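Thanks for coming. I will walk through one structure that is new to most of you, so please keep the picture in view while I talk.

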Amino acid sequence: MSTPAQTPAPATAPKSPKSSRIPKIPFWVQILAGLVLGVLLGWVAKSGDVGWLGSTLEHIGDLFVQLLKLAVAPLVFFAILVSITNLRQVNNAARLATRTLLWFMVTSLVAVAIGLAIGLLSNPGAGTGLTPKDGKLPQHTGSWIDFLTGIVPKDVITPFTELNVLQIVFIAAVAGIAALQLGEKAEPILKISRSALELLQKALWWVIRLAPIGTVGLIGNAIATYGWNLIGKYATFTVDIYIGCALVLFVVYPLLLSTVAKVNPLQFFRGAWPAIQLAFVSRSSVGTMPVTQKVTERLGVPKEYASFAVPFGSTTKMDGCASIYPAIAAIFIAQIFGVHLSVADYVLIAFVSVIGSAATAGLTGATVMLTLTLSTLGLPLEGVGLLMAIDPILDMMRTATNVAGQSVCTLIVAAREGILDRDAYNSVKGMSLDTAAADTAEEKVSVPAAA
């Protein structure tokens, strides 16, 4: 006798009661906790002379930066190569590229003007107690000869081993243009390049998840190494940099978005905040590039154009590091060394900021750009050594401004060229960094699953 067939129970998703009971901590809370813990541990290491703690914080911070730098060379190469070839899918590609570069330069000019104005009004070098004897020559310097002759590499290996990002960009640009000329013949190489880029972006997400821990090490090491007394000498300079970046980030960019792009600035910050947040912590425009591109696309910029403009901007568009910072720093160093700056010198600062911003190359720190500015003005390069103590704290706000500018300029060009999806822009909702990572992972696996 056969038993009656039983109606199968409806399929349900597997439950995970243990994990559901644990509240998920938002990424911004993790970052804030890392900042607070880093300051606390750094203070303990400095005040209690705890050598092992200071050393541990230094190693943690260095390891996080090394992991970011590990992905920089191949990420820049494949991103630039793929982005250039993606332009063939966009109408008026040459026009878009030219307009993008033009807006990069315009916003850089505005940023450097704000930096000069703040520096002249606040006199950041006055009353610090610092003297020229406190300065020292930097390990890496820049000059116009080095900048111009250093674009073309001597071989294809050294730029990757020495992490010369400007030369890597040159190699990638040449390869991308050659691929465009070859057409279908270059498709096998492009297919490998796209896969390599996706692999690198996936690996970079793992590094990004370590950002709260890296923050503990970077901030803690700065406090443990220099202490509050020395940092206090740079109070005016530090406030100047943060005010200058804040004016560009929260005044200039919103004005451009509302008047030029004709969009709601609040929507921009709602959509782009994950990239700005990560840039503040990682201090790397290149390391933030996958997130920047993701949020820019969600704001309505076509993927074909965003995949060109964002990688291009991550290596050349530096309003914080290459405009505001060198302008105020040049005034600061000139006051310490007792050098009078003329109107012509201020014009030179603006020129260097607009033309030479590619020297920063999207890496942590802006030492090369600053030395380029100082050498052009004839100021002592030893002045760079005066700013190394406070650099990690400054670099956070600088990089956040850089990344926001990269996305803003892309949005402006897309809006003016009529390719911005305004419905997508107006409907964008706030997104956490965790959500961005999940969306990217789903996007990568969706195509093979449907095939």
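I will cover helix packing, then salt bridges, then two backbone positions.

A word on the source: this is a predicted model.

Let me begin with helix packing. Two packed helices are described by the angle between their axes and the distance between the axes. Please find helix H10, residues 235–259, and helix H18, residues 391–416. Their axes lie 10 Å apart and make an angle of about 15°. An angle under 35 degrees counts as roughly parallel, so H10 is roughly parallel to H18. The crossing of H10 with H18 is left-handed.

Which residues meet there? From H10 they include Phe-237, Ile-241, Tyr-242, Leu-249 and Tyr-253. On the H18 side, Leu-394, Met-397, Arg-398, Val-408 and Leu-411 are among them. Sorted by class, the residues of this contact are 18 nonpolar, 3 polar and 1 charged.

H18 also packs with H4, at an angle of about 130° and with the axes 9 Å apart. H4 and H18 are therefore oblique to each other. The crossing of these two helices is right-handed. H4 contributes Leu-96, Arg-99, Thr-100, Trp-103, Phe-104 and Thr-107, and H18 contributes Cys-409, Ile-412, Val-413 and Arg-416. That contact of H4 with H18 has 6 nonpolar, 2 polar and 2 charged residues. Ile-412 of H18 appears in the contact with H10 and again in the contact with H4.

Next, salt bridges. Side chains of opposite charge can pair when their charged atoms come close. How many salt bridges does a search of the whole structure find? The count is 7, and I will pick out three pairs.

One is Arg-95 with Glu-417, where the closest N and O atoms are 2.8 Å apart. Arg-95 sits in helix H4, residues 93–122, while Glu-417 sits in the loop between H18 and helix H19, so this pair links distant parts of the chain, 322 residues apart. Arg-95 is partly exposed, at a relative accessible area of 40%.

Another pair is Arg-194 with Glu-187, at 2.9 Å between the closest N and O atoms. Arg-194 is partly exposed at 26% relative accessible area, and Glu-187 is partly exposed at 25%.

The third pair is Arg-283 with Asp-395, at 3.2 Å from N to O. Arg-283 lies in the loop between helix H11 and helix H12, and Asp-395 lies in H18, so the salt bridge ties together parts that are 112 residues apart in sequence. Are these two buried or exposed? Arg-283 is buried, with a relative accessible area of 8%, and Asp-395 is buried at 0%. Arg-283 and Asp-395 also belong to a network of salt bridges with Asp-391 and Arg-398. Arg-398 came up before, as one of the H18 residues that meet H10.

Last, the backbone. Most residues other than glycine have a negative phi, and most peptide bonds are trans. Asp-49 is not a glycine, yet its phi is positive, about 50°. Asp-49 is in the loop between helix H2 and helix H3 and counts as exposed at 67% relative accessibility. Asn-123 also has a positive phi, near 50°. Asn-123 is found in the loop between H4 and helix H5, and it is partly exposed, with a relative accessible area of 37%.

That is my list; I will take questions now.

Conventions. Residues numbered from 1 in each chain as written. Predicted model: local features only at pLDDT ≥ 70, side-chain atom pairs only at ≥ 80, totals over all residues. Heavy atoms only, no water. Axes fitted to C-alpha atoms, helices over the stretch in contact; angles between N-to-C directions. Helix = DSSP H or I, 4+ residues; strand = E, 2+ residues; numbered from the N terminus. Parallel < 35°, antiparallel > 145°, perpendicular 65-115°, else oblique. Left-handed = near helix turned anticlockwise from the far one by under 90°. Contact = heavy atoms within 4.5 Å. Nonpolar A, V, L, I, M, F, W, Y, C, P; charged D, E, K, R; others polar. Salt bridge = Lys/Arg side-chain N within 4 Å of Asp/Glu carboxyl O. Buried < 20%, exposed > 50% of the residue type's maximum accessible area, 1.4 Å probe, protein only.
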